[in-house]
Amino acid sequence: MSETPITSSTAPQAGALLFIHAQTGLHPGSGTALGTVDLPVQRERHTQWPIIPSSTLKGILRDACRPPRNSADWQKWLAVFGPETGEAADHAGALSLTDARILAFPVRSLKGVFAWVTCRAVLERLQRDLTLIQANGNAFNLPEASKDKALCAADSPLLVDGNKLVLEEFDFERTGDIGAVANWVSQRAVSDNATQERLRKHLVVLYDDDFTHFARHATEIVARVGLDPERKTVQPGALFYEEFLPAETLFYSVVLASSSRRKFDKEDENRRSIPLSPGEVLEFVRATLAPRKYLQIGGDETIGKGLCAVRLDING
């Protein structure tokens, strides 16, 4: 007896990567308080790498793409993101997002100011996600560094004495180039030419465990206080410690689109209902995000945290 594969008519048919480049310190979500840190950032349980929850991203994109209620794009917006709370049972939105995953983490360097570090495990997952959106999963070869070794561009300004790197208090020996990885990431993750060139020269591939150490421990811990307005002393219970990811952190999220489920999305010359295609769903998001190259993600908006440059790469 043969098994019939389970399929869905609403399965995602188009995909893209949403790249997120933190311009200021970022506090995405809040994990479980550990030790003296009252508000840690949210992390994957199995890797302890930081993430931005997909629910956070979906809400931010929904708000950023929201057109005026009486505009021509209002019905498209409802089809892409789903109805508002009072009509939420009518249909689901056509856009799906994963948690934003770490791509490269900024680390202080003895030379060249700072490096963006990544590792083979991060790049393996990136290749798998490219396949998920039906892009070229073999766009670059996977480099692999050994313990206390590093791969970076031969002309990297991070290098000390020709083949050494000093990241935070740790020494690494350069053992090779990363080639197409740096070119691929720099061309897609950021849009301005200066940052593209800097990323190409400052991207470093480390051993998985070395990368994980930095992703866990090279964050910023900031003391936050609330002052009594008259005495100018800390109010009782108003002192807490909050964790921030440093500016320049790079994330990406997988964006998947299906045909819209809303019954009346647009009409053709015969006045028949036509659903938005997956490609039209992604194009709507791209077109509405294009004028807004920056979004605020996470908490502490009023103290300048969470300002991020975003780029939707439909081609993968």
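Me: Buried means under 20% relative accessible area, exposed over 50% and partly exposed in between (1.4 Å probe, protein chains only). Why is glutamate 197 called partly exposed?

Reply: The relative accessible area of glutamate 197 is 36%, which lies between the two limits, so the residue is partly exposed. The model is predicted, so local features need pLDDT of at least 70 and side-chain atom pairs count only at pLDDT 80 or more, while totals for chains, interfaces and linings use all residues. Residues are numbered from 1 along each chain as its sequence is written, and side-chain values use heavy atoms, with hydrogens and water left out.

Me: What makes the contact of arginine 200 with glutamate 197 a salt bridge?

Reply: A salt bridge requires a side-chain nitrogen of Lys or Arg within 4 Å of a carboxyl oxygen of Asp or Glu. For arginine 200 and glutamate 197 the N to O value is 3.2 Å, so the criterion is met. Both residues lie in helix H5 (residues 193-202), 3 residues apart, about one turn of the helix. Helices (H or I, at least four residues) and strands (E, at least two) are DSSP runs, numbered from the N terminus.

Me: Which other residue of helix H5 forms a salt bridge with glutamate 197?

Reply: Lysine 201 does, with its closest N and O atoms 3.5 Å apart. Glutamate 197 and lysine 201 are 4 residues apart in the helix, or about one helical turn. Lysine 201 has 24% relative accessibility and therefore counts as partly exposed; arginine 200, at 23%, is also partly exposed. Asp155, Glu197, Arg200 and Lys201 are linked in a network of salt bridges.

Me: How do you know that glutamate 84 and arginine 69 form a salt bridge, and where do they lie?

Reply: Their side chains meet at 2.7 Å, N to O, so the pair satisfies the limit. The pair links distant parts of the chain, 15 residues apart: glutamate 84 is in the loop between helix H2 (74-81) and strand S3 (95-97), and arginine 69 in the loop between helix H1 (54-64) and H2. The structure holds 17 salt bridges.

Me: Why is histidine 21 called buried, and what does it touch?

Reply: Histidine 21 has a relative accessible area of 6%, under the limit for burial, so it is buried. The residue belongs to strand S1 (residues 14-22). Leaving aside neighbours within four places in sequence, its contacts (heavy atoms within 4.5 Å) include Trp116, Glu248 and Cys308.

Me: Why are cysteine 65 and cysteine 152 called buried, and how many disulfides are there?

Reply: Cysteine 65 stands at 3% relative accessibility and cysteine 152 at 0%, so each falls under the limit. A disulfide is a pair of cysteine sulfur atoms within 2.5 Å, and the count by this rule is 0.

Me: What makes a set of residues a nonpolar core, and which have the most contacts inside the largest one?

Reply: Such a core is a set of buried Ala, Val, Leu, Ile, Met, Phe, Trp, Tyr and Cys residues joined through side-chain atoms within 4.5 Å. The largest has 86 residues, and Ile20 and Leu95 have the most contacts inside it. Strand S12 (residues 250-257) gives the largest share of this core, 7 residues. Not counting residues up to four places away in sequence, leucine 95 touches Val80, Phe81 and Val255, among others. In soluble globular proteins, nonpolar side chains tend to be buried together. Buried residues make up 47% of the 316 residues in the protein chain.
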